[in-house]
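Subject: Handover of the structure and what was found in it

Dear colleague,

I am handing over the structure that follows, together with an account of what was found in it. Please keep it open beside this message while you read.

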Amino acid sequence: MFGAIDFIDAHLDQTPLLTAAARDVGLSPRQLRRSFTSDIGIPFRRYVLWRRLRRALITVRDGSGLTTAAATAGFVDSAHFSRTFRQTFGLAPSEVLPLLTIGEADFTRL
């Protein structure tokens with residue numbers, strides 16, 4: 001699964017597709033979908049969204065504005081990032097970002 005995770009992280013500024021990730025790791029899309037959900041615990045697309053949110057938050061933490069962070073993480077614009085963040089967490093990024101500490105640890109690799 002780590003090959004697929006590496007693929008996702010390398011393509012977050014675009015839209016990492018299951019078919020492209022499967023091709024990259026030498027599996028069929030169906031095999032990757034099944035093993036990804038089984039090994040990681042969430043579906044491929046949901047994981048991609050989680051990694052995009054994480055990338056945007058780390059970019060903001062490192063001093064960039066929301067527009068830059070949104071683009072870096074593959075969101076169309078900062079409004080798209082803010083909507084997605086609110087849908088996922090129930091709060092606007094501006095309510096959370098001043099209080100947030102994001103660690104660099106990548107718990108998917110433990």
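Before the residues themselves, one cut-off is needed: a residue counts as buried when its relative accessible area is under 20%, as exposed when that area is over 50%, and as partly exposed in between. By that rule I42, which sits in the loop between α3 and α4, is partly exposed, because its relative accessible area is 29%. Leaving out residues up to four places away in sequence, I42 touches F36, T37 and Y47. Please bear in mind throughout that this is a predicted model.

The overall picture

The protein has seven helices and zero strands, so that, to put it as a pattern read along the sequence, one finds α-α-α-α-α-α-α. Of its 110 residues, 35% count as buried. When contacts between residues at least 6 apart in sequence are considered, 54% of them join residues that are at least 24 apart.

The first three helices

Helix α1 covers residues 2-10, and its buried residues are A4, I5, F7, I8 and D9. These buried residues pack against α2 (18-25), α3 (29-40) and α4 (44-61). In α2 the buried residues are L18, A20, A21 and A22, and they in turn pack against α1, α3 and α4. After α2 comes G26, which has a positive phi, near 80°.

Both α1 and α2 have a described packing with α3, and I take the two in order. The axes of α1 and α3 are 11 Å apart, and the helices pack at an angle of about 95°. Angles from 65 to 115 degrees count as roughly perpendicular, and therefore α1 is roughly perpendicular to α3. On the α1 side the residues that meet α3 are A4, I5 and I8, and on the α3 side they are L32, F36 and I40. Sorted by class, the residues of this contact are six nonpolar, no polar and no charged.

For α2 and α3 the packing angle is about 95°, with the axes 8 Å apart, and this makes α2 roughly perpendicular to α3. Here L18, T19, A21, A22 and V25 of α2 meet P29, L32 and R33 of α3. The classes in this contact are six nonpolar, one polar and one charged. L32 of α3 thus has a part in the contact with α1 and also in the contact with α2.

Helix α4 and the segment after α7

Two residues of α4 deserve a description of their own. T59 lies in this helix, and it is buried because its relative accessible area is 12%, which falls under the 20% limit. Setting aside neighbours within four places in sequence, T59 is in contact with S64, A69 and T72.

L57 also lies in α4, and with a relative accessibility of 10% it counts as buried. Which residues does L97 contact, leaving aside its neighbours within four places in sequence? They are L57, V60 and L66. L97 is found in the segment after α7 (93-96), and at 19% relative accessibility it counts as buried. Although L97 and L57 are 40 residues apart along the chain, their C-alpha atoms are separated by 7.7 Å. A comparable statement can be made for P93, which is 36 residues from L57 in sequence and 8.8 Å from it in space, C-alpha to C-alpha.

The second largest pocket

Finally, there is the second largest pocket, which holds about 190 Å³ of space. Its lining consists of T15, P16, L17, L18, F44, R45, V48, L49 and R52. Which helix gives the most to this lining? It is α4, with five residues. By class, the lining has six nonpolar, one polar and two charged residues. L18, one of the lining residues, is also among the buried residues of α2 and among the residues of α2 that meet α3.

With best regards

Methods: Residues are numbered from 1 along each chain as its sequence is written. This is a predicted model: local features need pLDDT of at least 70, side-chain atom pairs count only at pLDDT 80 or more; totals for chains, interfaces and linings use all residues. Side-chain values use heavy atoms; hydrogens and water are left out. Buried means under 20% relative accessible area, exposed over 50%, partly exposed in between (1.4 Å probe, protein chains only). Helices (H or I, at least four residues) and strands (E, at least two) are DSSP runs, numbered from the N terminus. Contact means heavy atoms within 4.5 Å. On a 1 Å grid over the protein atoms alone, a cavity is a set of points where a 1.4 Å probe fits but cannot get out, and a pocket is an open set with protein on both sides within 12 Å along at least five of seven lines; lining residues have an atom within 4 Å of a point. Grid points are joined across faces, edges and corners, and a volume is the space filled by probe spheres set on the points. Ala, Val, Leu, Ile, Met, Phe, Trp, Tyr, Cys and Pro count as nonpolar, Asp, Glu, Lys and Arg as charged, and the others, Gly among them, as polar. Axes are lines fitted to C-alpha atoms, for helices over the stretch in contact, and angles run from 0 to 180 degrees between N-to-C directions. Angles under 35 degrees count as roughly parallel, over 145 as roughly antiparallel, 65 to 115 as roughly perpendicular and the rest as oblique.
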